[in-house]
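Let's go through this structure together, asking at each step what lies behind the words used for it. Have a look at the model first.

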Amino acid sequence: MSTAALQATAREWLARGEPSIEVRVAEARGSAPREAGARMLVAARRVAGTVGGGHLELQAIQIARDMLAAGETLPREKHFPLGPALGQCCGGAVTLAFEPLTDAVMANWPAPKPRFNLQLYGAGHVGRAIVHLLSGIDCKVQWIDEREEEFPEGPLPPHIEKVCVDAVEGEVDIAEPGTFYLVLTHNHDLDMRITEAVLRRGDFCFLGLIGSQTKRARFLHRFEARGIPAETLSRMTCPIGIPGIEGKEPEVLAISVVGQLLQVASGK
């Protein structure tokens with residue numbers, strides 16, 4: 001679950017008056033399953049988020065529910081060595097902080113830092129599969145298509161914005177410097193217009209174009225004829241996805257592409 005989604009869940013529980021405990025990794029040393037600042041919410045019958053899973057999380061949930069049952073209002077901390085006693089082989093140690101969820105506690109939550117800003121062009125099968133995976137990742141996404149009916153019904157996660165406009169390539173002009181772009185629309189001519197707009201900006205961090213090596217060659221030939229420098233063209237990724245992962249199913253391609261985005265965002 002992304003930080004933004006967990007925050008939305010916390011606000012929903014608060015608005016409903018559902019008592020819950022915020023469990024936060026206050027300190028992580030050595031090899032630990034989650035970093036300091038990771039959070040989860042524990043209610044009497046539900047849990048949202050994770051502080052690392054395993055026996056550590058089972059104990060954390062029990063402590064939180066004991067606090068709820070006792071009506072505790074004061075925060076507490078507990079230190080956990082992640083060794084044989086917990087049945088985990090991480091070898092590090094974590095300190096967990098437990099506190100009843102309130103508006104004041106929510107006010108101390110830091111704003112989620114996105115791993116990347118993405119403009120995703122295309123709401124077809126692959127686009128929907130990619131968005132499904134990104135719904136649980138801290139990132140900022142503009143999901144862009146000219147066809148309103150292609151977007152799924154219902155609300156999207158708070159960090160994913162649906163943009164339905166006629167001249168979709170115009171959205172490139174208002175993107176932030178260093179934006180990631182994925183171009184996978186239903187129309188090759190539209191793909192070309194969007195990709196050219198991104199290339200002419202030149203300040204992209206990643207530009208991925210769906211298609212084959214044949215499509216790549218055709219597009220490069222056209223862009224070269226239009227005067228786009230070879231150095232800029234060399235930064236266009238087509239086909240998209242981590243090399244070596246076979247399969248053309250939308251879900252498989254989406255896993256490969258999201259992995260590629262995370263690699264680039266991590267500087268790999």
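**Helices, pockets and a cavity**

In this predicted model, helix 4 (residues 125-134) packs against helix 8 at an angle of about 55°, and their axes are 8 Å apart.

Q: Why are helix 4 and helix 8 called oblique to each other?
A: Their angle is about 55°. Roughly parallel would need an angle under 35 degrees, and roughly perpendicular would need 65 to 115. The value fits neither, so helix 4 and helix 8 are oblique to each other. As for the hand, helix 4 passes helix 8 in a right-handed crossing.

Q: Which residues make the contact between helix 4 and helix 8?
A: Contact here asks for heavy atoms within 4.5 Å. On the helix 4 side these are H125, V126, A129, I130, L133 and L134, and they meet P250, E251, L253, A254, I255, V257 and V258 in helix 8. By class, this contact has 11 nonpolar residues, one polar and one charged. His is counted as polar and Glu as charged, and H125 and E251 are among the residues listed.

Q: What makes helix 5 and helix 6 an oblique pair?
A: Helix 5 (residues 188-201) and helix 6 (residues 213-225) pack at about 55°, with axes 11 Å apart. Roughly perpendicular begins at 65 degrees and roughly parallel ends at 35. The two helices are therefore oblique to each other, and their crossing is right-handed. Helix 5 brings H188, D191, M192, T195, E196 and L199 to the contact, while helix 6 brings K215, F219, R222 and F223. In this contact, four residues are nonpolar, two are polar and four are charged.

Q: What makes the peptide bond from C238 to P239 cis?
A: Its omega is near 0°, and the bond is cis. In general, most peptide bonds are trans. P239 sits in the loop between strand 11 (236-237) and helix 8.

Q: Where does P239 appear among the residues of the second largest pocket?
A: That pocket holds about 370 Å³ of space. It is lined by 16 residues, and P239 is one of those closest to its centre, along with G211, I240, G247 and L253. Helix 8 (residues 250-265) gives the most to this lining, with three residues. Nine of the lining residues are nonpolar, five polar and two charged.

Q: What is known of the volume and lining of the largest pocket?
A: The volume is about 510 Å³. The lining has 22 residues, and T3, R34, E35, A38 and D138 lie nearest the centre. Helix 1 (residues 3-16) supplies the largest share of the lining, three residues. Sorted by class, the lining of the largest pocket has nine nonpolar, seven polar and six charged residues.

Q: What makes a space a cavity rather than a pocket?
A: A cavity is a set of points where a 1.4 Å probe fits but cannot get out, whereas a pocket is open. The structure holds one cavity of 30 Å³ or more, and the largest cavity has about 30 Å³ of space.

Q: Which residues line the largest cavity?
A: The lining consists of Y121, G122, I144, D145, E146, V168, T185, H186 and L190. Four of these are nonpolar, three polar and two charged. Asp and Glu count as charged, and D145 and E146 are in the list.

Conventions:
Residues numbered from 1 in each chain as written. Predicted model: local features only at pLDDT ≥ 70, side-chain atom pairs only at ≥ 80, totals over all residues. Heavy atoms only, no water. 1 Å grid on protein atoms, 1.4 Å probe; cavity = no way out; pocket = protein on both sides within 12 Å on 5 of 7 lines; lining within 4 Å. Points joined across faces, edges and corners; volume = space filled by probe spheres on them. Helix = DSSP H or I, 4+ residues; strand = E, 2+ residues; numbered from the N terminus. Axes fitted to C-alpha atoms, helices over the stretch in contact; angles between N-to-C directions. Parallel < 35°, antiparallel > 145°, perpendicular 65-115°, else oblique. Left-handed = near helix turned anticlockwise from the far one by under 90°.
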